Amino acid sequence: MFTNTRAFSSFAVDDMQKAKGFYGQTLGLRITEHAEYGLLTLHIEGGAEVLVYPKADHVPASFTVLNFPVNDIDKAVDELVQRGITFERYPEFTQDEKGIMRQEGPYIAWFTDPAGNTLSVLQER
């Protein structure tokens with residue numbers, strides 16, 4: 001049924017102007033604003049798109065909504081810190097001084113957008 005359908009992901013935020021600045025300026029993603037609908041589209045390398053929509057009673061997801069693969073996680077974390085990003089710390093994971101978890105799986109560090117949604121940068125081993 002959906003073999004030839006181009007699916008996309010979406011998530012909510014509570015303030016579209018903050019989201020626009022964060023995703024477009026802080027993270028440097030190419031975005032399209034759909035003013036007539038109050039929506040944003042995040043354009044991800046490779047042709048993927050993510051829809052960001054407003055929700056007045058928004059509650060941040062309890063999981064990571066968007067992951068950014070990088071070649072050098074240390075460099076990515078350092079650059080994001082310079083852009084004002086604070087990395088999350090989780091008691092169930094051992095993270096280094098930068099907030100990077102380097103145990104099993106990919107190296108990963110989590111941060112949040114202005115609406116409290118969790119994002120990550122990750123590097124395959």
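A residue counts as buried when its relative accessible area is under 20%, and as exposed when that area is over 50%. Keep that cut-off in mind for what follows. The model shown here is predicted.

Take T118 as a test case. Its relative accessible area is 10%, so T118 is buried. This threonine is found in strand β7. What does T118 contact, once its neighbours within four places in sequence are left aside? The list is F63, T64, V65, L66, Y90, W110, F111 and T112. Strand β5 spans 64-69, and T64, V65 and L66 are among the contacts of T118. Strand β6 covers 107-112, and W110, F111 and T112 are contacts of T118 as well.

Now step back to the whole chain. Its secondary structure comes to 2 helices and 7 strands. Read from the N terminus, the elements run β-α-β-β-β-β-α-β-β. Buried residues make up 36% of the 125 residues. For a compact globule with 125 residues, the expected radius of gyration is near 14 Å; the chain has 15 Å, which agrees. Along the principal axes, the C-alpha atoms fill a box of roughly 45 × 35 × 25 Å. Consider contacts between residues at least 6 apart in sequence: 50% of them join residues at least 24 apart.

The strands build two sheets. One is an open sheet of 4 strands, in the order β1-β4-β3-β2, with mixed pairing. Its edge strands are β1 (9-13) and β2 (30-34), and each pairs on one side only. From one strand to the next, the twist averages 25 degrees. Look at the β2 edge. Here β2 pairs with β3 (residues 39-44) in the antiparallel sense, over 5 bridges. One pair to find on screen is E33 and its bridge partner in β3, L40.

The other sheet holds T118's strand. This sheet is open too, with 3 strands in the order β5-β7-β6, and its pairing is mixed. The edges are β5 (64-69) and β6, each pairing on one side only. Neighbouring strands are turned by 25 degrees against each other on average, direction ignored. Strands β6 and β7 pair in the antiparallel sense over 6 bridges. Within that pairing, A109 stands opposite V121 in β7.

Helix α2 comes next. It spans residues 73-82, and its buried residues are I73, A76, V77 and L80. Why do these four line one face of the helix? Seen down the axis of α2, the buried residues fall within an arc of 95 degrees, so they share one face. What covers them? The cover includes β6 (107-112) and β7 (118-123). The face of α2 turned away from the buried side carries the exposed residues K75 and Q82.

Both ends of α2 deserve a look. At the N-terminal end, D72 acts as the cap. A side-chain oxygen of D72 lies 3.2 Å from the backbone nitrogen of D74. Just after the helix, G84 takes a positive phi of about 95 degrees.

Put the pieces side by side. Strand β7 carries the buried T118. Strand β7 also pairs with β6, and both strands are part of what covers the buried residues of α2.

Methods: Residues are numbered from 1 along each chain as its sequence is written. This is a predicted model: local features need pLDDT of at least 70, side-chain atom pairs count only at pLDDT 80 or more; totals for chains, interfaces and linings use all residues. Side-chain values use heavy atoms; hydrogens and water are left out. Buried means under 20% relative accessible area, exposed over 50%, partly exposed in between (1.4 Å probe, protein chains only). The arc is that of the directions from the helix axis to the C-beta atoms. Contact means heavy atoms within 4.5 Å. A polar contact is a pair of N or O atoms within 3.5 Å; within protein, one must be able to donate a hydrogen and the other to accept it, and residues adjacent in sequence count only if both atoms are side-chain atoms. Two strands pair if DSSP finds at least two bridges between them. Axes are lines fitted to C-alpha atoms, for helices over the stretch in contact, and angles run from 0 to 180 degrees between N-to-C directions. The radius of gyration is taken over C-alpha atoms; the globule rule is 2.2 Å times the number of residues to the power 0.38.
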